[in-house]
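Reader: Hi! I'm in my first year, and I'd love a close look at a single part of this protein.

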Amino acid sequence: MRFRIRTLGCKVNLYESEAISYGLKKKSWIEDEEKPDVQILNTCTVTSTSDAKDRKMIRQMISEAPDAIMVVMGCYSQLQPEEVAKIKGVNIVIGTKYKAKIYDLVQEYLEDEKQIIKVADSAKFNCFEELQLKSLSFHTRGFVKIQDGCNNFCSYCAVPYARGPIKSRNPEAVVKEIQFLVSEGVKEVILSGINTGTYGQDLGNITLASLIEKIMVEVPDLYRIRLSSIELMEISDELLETIKKYQTRIAKHLHIPLQAGCDSTLERMGRKYNMEQYYARIEYIRSLFPGIAITTDCLAGFVGETADEFNVTYKNLKTIGFAGVHVFPYSRRGGTKADSMDGHLAPSIIKTRANALCVLAKELKIQYMKKYLGQTLEVLFEQEKDGYWYGHTSNYLSVKVKETDADLTNQIKQIKLININGVDIIGKE
Ligand code: SF4
């Protein structure tokens, strides 16, 4: 069988698609972008725009390869299986479970060519679905999924409904995968999950900190670990001590979602901290790791957000001085608590506020980058594009140097940071 797989959404989805692709190849299927017999779309449902993109991509894939068996999986099909099944040409619908069963489901479909919808109740997904990754499209930086699901039920978020409760991957499987990636030349692994900081809470005898300790000891050749997003309440003292202990091998970067910089908005969002707690923790982290890049997510135009609340959020983002802010305009998700709240804002207000936050995010990023001009930092190079080699520093500055004859992919170089060019820093060896 020839197959192709496309992915929308987050890094966890990318990782899963990569692992599915590896599993299918192990069964002697061949990846073929042009003439697939089976095509798979891994969907996302984080905003209503994502849902629209999913539907568009499903239709596009079917029109490109109308004879191929169309499999739709992921968060959108988990929450809206009927909607997906109704699209003409969709043959198999799974959700966020049964990803390791695509091969079997295709065989089942081939028997009588009847549409299959196999979507389990996400509330009952208590076990981490093991998908082994042993192929390498990520090259220098390898995403390693260590956790799935979330129990937080923030009022705006559909993810806990799509992914179910927290579940952690067996630590031995994590280490084995990282050992493989390192043996293939990967220098940096990004420990990823839906709520990564909860790693181990369902296993009982391990935490994110002890997993990192285990990786550091059992994969001594690993150059660097980077943590994907981590919730404020999951940054334990134990975790910070471990980061300190291995600070030369752990990226000087934490992405700590704030979502709103105003207590009343945070309360309506169902977030589990207030601004006083957020400030205190950031201050402590900065005292331990001076210069650390702290990046965040912020939702613009949440239900009931007054102009005053927005201004408080804006000011706090500025005062905290994030190294980067991902801004998301609030998007209504059916079935969430926020969906049934009063006070939804007009799309034009949401858009104006999101735009203002994006402008601020850019200013803050430049402010952070400026601090490093003139310094020489280690850069791990990833790819060549438009006459430049691009890479990242430990504190996640994107650095580019003029192309040379040498292939810098996966090379670590000391680079002097010269000046800012858009969202990158131009550097020189
Ligand atoms: S922590 Fe909140 S925003 Fe993040 S996945 Fe869980 S419910 Fe969604």
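How many bridges join strand 12 to strand 13?

Author: Happy to help! This is a predicted model, where local features need pLDDT of at least 70 and side-chain atom pairs count only at pLDDT 80 or more, while totals for chains, interfaces and linings use all residues. Residues are numbered from 1 along each chain as its sequence is written.

Now to your strands. Strand 12 is joined by 3 bridges to strand 13, residues 293-300, and the two run parallel. Strands here are DSSP runs of E with at least two residues, numbered from the N terminus, and two strands pair if DSSP finds at least two bridges between them. Along this pairing, H255 stands opposite T295 of strand 13.

Let's widen the view to the sheet. It is an open one, formed by 3 strands in the order 12-13-14, with parallel pairing. Strand 12 (253-255) and strand 14 (324-329) each have a single partner strand and stand at the edges, so one side of each is left without a neighbour in the sheet. From one strand to the next, the twist averages 15°; axes for this are lines fitted to C-alpha atoms, and angles run from 0 to 180 degrees between N-to-C directions.

Finally, here is the domain layout. The domain assignment of the protein gives domain 1 (2-120), domain 2 (124-250), domain 3 (252-370) and domain 4 (376-428). Such bounds come from an automatic or database domain assignment. The centres of domain 1 and domain 2, taken over C-alpha atoms, are separated by 25 Å.

Terms used. Helix = DSSP H or I, 4+ residues; strand = E, 2+ residues; numbered from the N terminus.
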